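Hi everyone, thanks for coming. I'd like to walk you through one structure today, so let me put it up on the screen.

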Amino acid sequence: MRKKDLIILFFCFLTTQIAAQNIQLHYDFGSALYKEQSTRPKLTSTIEFFKADPWGSTFFFVDMDYADGKVASAYWEISRELKFWQNPFSIHLEYNGGLNYINNAYLGGVTYTWNSQDFSRGFGISAMYKYLHHHPKPHTFQLTGNWHIDFAKGKCSFSGFADFWREEHTDAKGNPHDFIFLAEPQFWVNLNKFKGINDKFNLSIGTEWELSHHFYLLDGFHFNPTLAMKWSF
């Protein structure tokens, strides 16, 4: 499972002095939906960190998949938004890496962000050059869109991202593909916004839907939902 929750959720806050961290646990139903995903891990944990400063923001997350009582795979991203001016554009620098089939990737480009006056809604769009380490054709591109919406007086949050990039690869059936699409919308119910629950009880329950097309070893479109909980610090 590949995630970007706060590149997604918090890019819209680049001009503010904030910090946010959370840890998530997801139960993944993908192995029950597709025969070709029978060995897909059912549990994934995610640790996310975001901090804004006068020169932009720093974000990173670490995903770990668990199977057979151990860590089966891992993936992480770290990115930096650079911004020394008062407009919605920033310079984007990013590194992606992980275990198994994931090679190092280095990205650089431009991000445009917008947020509402009360920061309850926002979106970002990034256009990036992408270098794929150890790939026969390492020079490529990636487009990323992200959004977040808080509604029902903060009781609910809807966020997500969508990535589209060029990467020549072969799926598990031997079919060649040139492009990959991946989106992960998330819906959360924030319990501390309900009457009678302490506002410091920062537990959220919700779901993530992984929507992909030709995602590495997979052929065609796949929908992998999760049941999840999140604690925000």
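Let's start with one residue: Ser-57 is buried, with a relative accessible area of 2%. By buried I mean under 20% relative accessible area, while exposed means over 50% and partly exposed is in between, using a 1.4 Å probe and protein chains only. You'll find Ser-57 in strand β3.

Before I go on, a word on where this comes from. This is a predicted model, where local features need pLDDT of at least 70, side-chain atom pairs count only at pLDDT 80 or more, and totals for chains, interfaces and linings use all residues. Residues are numbered from 1 along each chain as its sequence is written, and side-chain values use heavy atoms, with hydrogens and water left out.

Now compare Ala-32, which sits in helix α2, residues 30-33. Ala-32 is exposed, at 69% relative accessible area. Its C-alpha atom is 25 Å from that of Ser-159, and those two are 127 residues apart along the chain. As for Ser-57, go 43 residues along the sequence to Asn-100 and the C-alpha to C-alpha distance is 29 Å.

Okay, the whole protein. How many helices and strands does the secondary structure come to? Two helices and 13 strands, counted as DSSP runs (H or I, at least four residues, for helices; E, at least two, for strands) and numbered from the N terminus. The radius of gyration is 18 Å and the globule rule gives 17 Å for 233 residues, so the protein is as compact as a globular protein of that length. That radius is taken over C-alpha atoms, and the rule is 2.2 Å times the number of residues to the power 0.38. Of the 233 residues, 48% count as buried.

Last stop, the largest pocket. Here a pocket is an open set of points on a 1 Å grid over the protein atoms alone, where a 1.4 Å probe fits, with protein on both sides within 12 Å along at least five of seven lines; lining residues have an atom within 4 Å of a point. The largest pocket is lined by 39 residues, and Arg-40, Tyr-101, Phe-215, Tyr-216 and Leu-217 lie nearest its centre. Which strands each supply at least two residues of that lining? They are β3 (56-67), β4 (70-82), β7 (121-132) and β9 (156-170). So back we are at β3, the strand where Ser-57 has its place.
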